Amino acid sequence: MGIEARLGKVAANLLLQLRVVLALQERELLVRTEKGLLGAVGVLIEPLFFVLTLLALRILIRLKTNDLINPIIWLVVGVCLFFMFSEVGLKSLSGVKKSQDIFFYRRIRPLDTLLASALLESRIYASTITLVMLGVWCWTWNPRFDSPGEAALIFVLLLLLALGVGVSALVIGHRIPLVKLAVRFFIRKLLLWTSGVFYALYTLPGSVRPFLTWNPVLHAVELFRHAINEAYPIPDISMAYLVSCALLSCGFGLLIYTSNEALLLAED
Amino acid sequence: MSLQPVPPLKADQAGANSLIKPLFFTGLREQVAGQRRRVPWRRLVSAPVLASAFVCLAAVYCFGIGRDRYRAVAEFVIRQPLPPSTMGSSLLSPTLGSPTVLGSLEDGRYLQVFLGSPEVMQRLYPNPSRFQQLYAPSWPDRWTGLQPGTKRDGQLVFFQRQQSVTPQELSGSVILKTNGFDPQQALQLNRALVAQAQRFVNEVNQGISADQRNFAEQEVVMARVRLNSANNKLNAFQDLHGQLNPVVEKDATTSYLAALESRLVDLKVQEASLRRQFRDSQAPEVSYVADQVQELKREIGAERSKVVSPQGRNLNRLSIQAQNLQNEVAFATEALKAAMLAADNSRLESQRQLKFLVMLREPQLPAEPEPNWRWKAFLASLGGLLVVWGVGGFLVGVVKRT
């Protein structure tokens with residue numbers, strides 16, 4: 001087989017894989033739409049409600065803000081990025097079991113359902129961030145986004161990180177169920193307070209920062225805020241760390257998934 | 001691997017799973033054949049083709065056509081020789097910034113506005129056509145630069161885009177970045193803006209001090225006038241009443257009356273003693289002393305009434321008036337002294353430099369073009385495409401389902 005033919009075959013397989021994931025994502029959106037109270041719009045509004053609640057709480061307790069980034073955008077970025085990570089990671093733990101029926105189609109693998117779920121969550125939260133930013137810019141008539149490309153890259157890296165963590169926890173948790181519980185607790189309880197959702201890292205004393213900067217989600221959140229305004233200080237934050245964590249997590253997750261795929265396909 | 005029997009599909013998933021079927025029962029070849037049966041030119045406006053074309057165009061522009069940009073960076077901090085007194089310390093005070101850092105940050109924020117102002121642009125580029133010529137587009141990148149015929153407002157926007165003034169929250173320093181289409185352009189603009197920043201820091205402080213000096217000099221003039229007026233009033237009072245100092249005279253009169261009363265007490269004691277010695281109260285020795293006592297009493301009463309009576313010397317009123325006038329003179333003298341001291345200090349302050357622009361990093365001639373903008377622009381294009389596909393497609397899907 002010539003090189004061109006091989007490349008053509010690879011491209012065709014990649015396109016097919018993409019169409020499988022997109023189709024599964026559409027399926028999941030349809031299921032959510034039919035289950036949700038507000039239908040299709042509810043899929044988008046649910047994260048917005050949560051953001052509005054946190055915003056009201058922030059206004060009530062009068063958290064200190066800076067004039068570098070609009071406070072609504074500042075909060076929405078933190079909330080949406082963290083909850084995207086959380087939803088992708090947590091849904092990966094239970095997504096395979098819920099989609100057992102469609103594994104009848106031999107072409108569909110558990111990883112495809114996880115990718116579809118991650119894609120849907122990322123689109124929901126990306127839409128939320130985009131709509132809120134556009135709304136704030138229209139209200140204040142002062143748009144500012146210094147590095148949109150970098151922000152998109154950070155978003156994708158965080159998605160990869162979440163996927164890697166979710167897949168790893170899923171596979172390991174299949175053998176050791178306690179791992180699933182630990183990951184759920186870790187993501188819901190610990191990561192929420194160490195991910196810079198409600199505070200900016202540079203406002204904390206230097207002696208406290210080493211206890212938080214191990215968390216790559218914090219790096220993603222602060223880097224995203226820095227991409228909006230380059231004057232936003234990000235001490236001890238590194239893009240290299242986020243890239244490393246995302247690639248390692250994704251690589252490890254895919255590696256152990258490949259060797260344990262049959263385990264996931266077997267019914268519990 | 002053993003597959004378990006598939007449970008029957010639920011009703012709400014049946015519709016969803018119908019999306020999966022066409023995927024597998026219509027193979028890739030059939031899809032391609034189907035596409036070939038369509039009109040050929042419609043394939044060109046399909047989403048993948050448009051997206052690929054967009055990415056290719058972005059790559060060609062960013063890495064091929066796009067003009068080189070050079071960047072010069074300077075960093076400085078605005079310091080006072082005597083830092084202001086520190087506020088009370090708190091747990092977060094190291095992170096919130098010392099007063100010096102906050103002061104430099106404040107000046108940095110003013111500079112952000114000042115360096116992008118029309119006045120600075122006018123000083124650096126007084127000739128608009130010369131400015132247009134310096135930043136004119138060049139082949140092959142006809143989109144980057146100052147387009148011919150741009151009005152002054154558009155030139156100002158372009159000028160503001162060529163610079164970036166970023167105060168650093170943590171250290172208080174200010175980073176000044178300037179862009180140019182060749183290294184000299186970027187360096188010259190950076191140095192010119194640093195000079196303008198230096199001028200701003202000095203002018204503001206010296207301007208404030210000059211205003212304060214003018215005010216202090218006016219206060220000196222007013223204090224002098226007031227002192228002269230008080231002195232004139234006191235002199236007129238003294239001339240009118242023929243007395244140098246009514247207060248001193250009142251004190252002297254009081255002493256004199258006290259002496260008379262003391263003498264009266266002695267005479268009374270002597271009279272009482274003589275009355276006990278002599279049986280006859282009309283004896284000449286007793287009468288002599290009694291007459292002296294009566295005379296002295298009459299004299300003391302007459303003197304006292306002369307001092308305080310309005311028809312007499314009225315020393316009480318005069319002394320109060322004199323005291324007030326003297327107090328007025330003393331106050332005017334002190335006020336003049338204070339005004340003269342303030343005026344002298346303002347004069348010194350207006351000539352002295354209150355704040356210094358300390359260079360932490362001098363701008364250097366860029367050795368090579370800035371590579372970051374190409375990757376940033378390309379990533380921004382990809383990010384935009386991702387947002388349009390991811391967000392736009394999703395929102396369209398949600399609207400369709402609604």
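Modeller: Contact here means heavy atoms within 4.5 Å. This is a predicted model, in which local features need pLDDT (the predictor's confidence in each residue, from 0 to 100) of at least 70 and side-chain atom pairs count only at pLDDT 80 or more, while totals for chains, interfaces and linings use all residues. Residues are numbered from 1 along each chain as its sequence is written, chains are lettered from A and ligands numbered from 1 in the order in which they are written, and side-chain values use heavy atoms, without hydrogens and water.

Biologist: Which residues are in contact with B:R67, leaving aside its neighbours within four places in sequence?

Modeller: B:R67 sits in the loop that separates helix 5 (47-65) from strand 1 (70-79) of chain B; helices (H or I, at least four residues) and strands (E, at least two) are DSSP runs, numbered from the N terminus. With those neighbours set aside, the residues in contact with B:R67 are B:A136, B:P137, B:S138, B:D141, B:T144, B:G145, B:F181, B:W373 and B:R374.

Biologist: Which side chain of opposite charge is nearest to B:R67, and how far away is it?

Modeller: B:R67 is buried, that is, under 20% relative accessible area with a 1.4 Å probe, protein chains only. Arg and Lys count as positive, Asp and Glu as negative, with His and the chain ends not counted. B:R67 has no salt bridge, a term that requires a side-chain nitrogen of Lys or Arg within 4 Å of a carboxyl oxygen of Asp or Glu. The nearest side chain of opposite charge is B:D141, at 6.2 Å.

Biologist: Which backbone oxygen lies 3.0 Å from a polar atom of the B:R67 side chain?

Modeller: The partner of this side chain is a backbone atom. At 3.0 Å, the oxygen belongs to B:A136.

Biologist: In chain A, where is confidence lowest?

Modeller: Chain A averages a pLDDT of 84, and 92% of the residues score at least 70. Confidence is highest in helix 7 (residues 216-228) of chain A, at 95, and lowest, at a mean of 71, in helix 2 (residues 39-61) of chain A.

Note on methods
Buried < 20%, exposed > 50% of the residue type's maximum accessible area, 1.4 Å probe, protein only. Polar contact = N/O pair within 3.5 Å; in protein donor to acceptor, adjacent residues only side chain to side chain.
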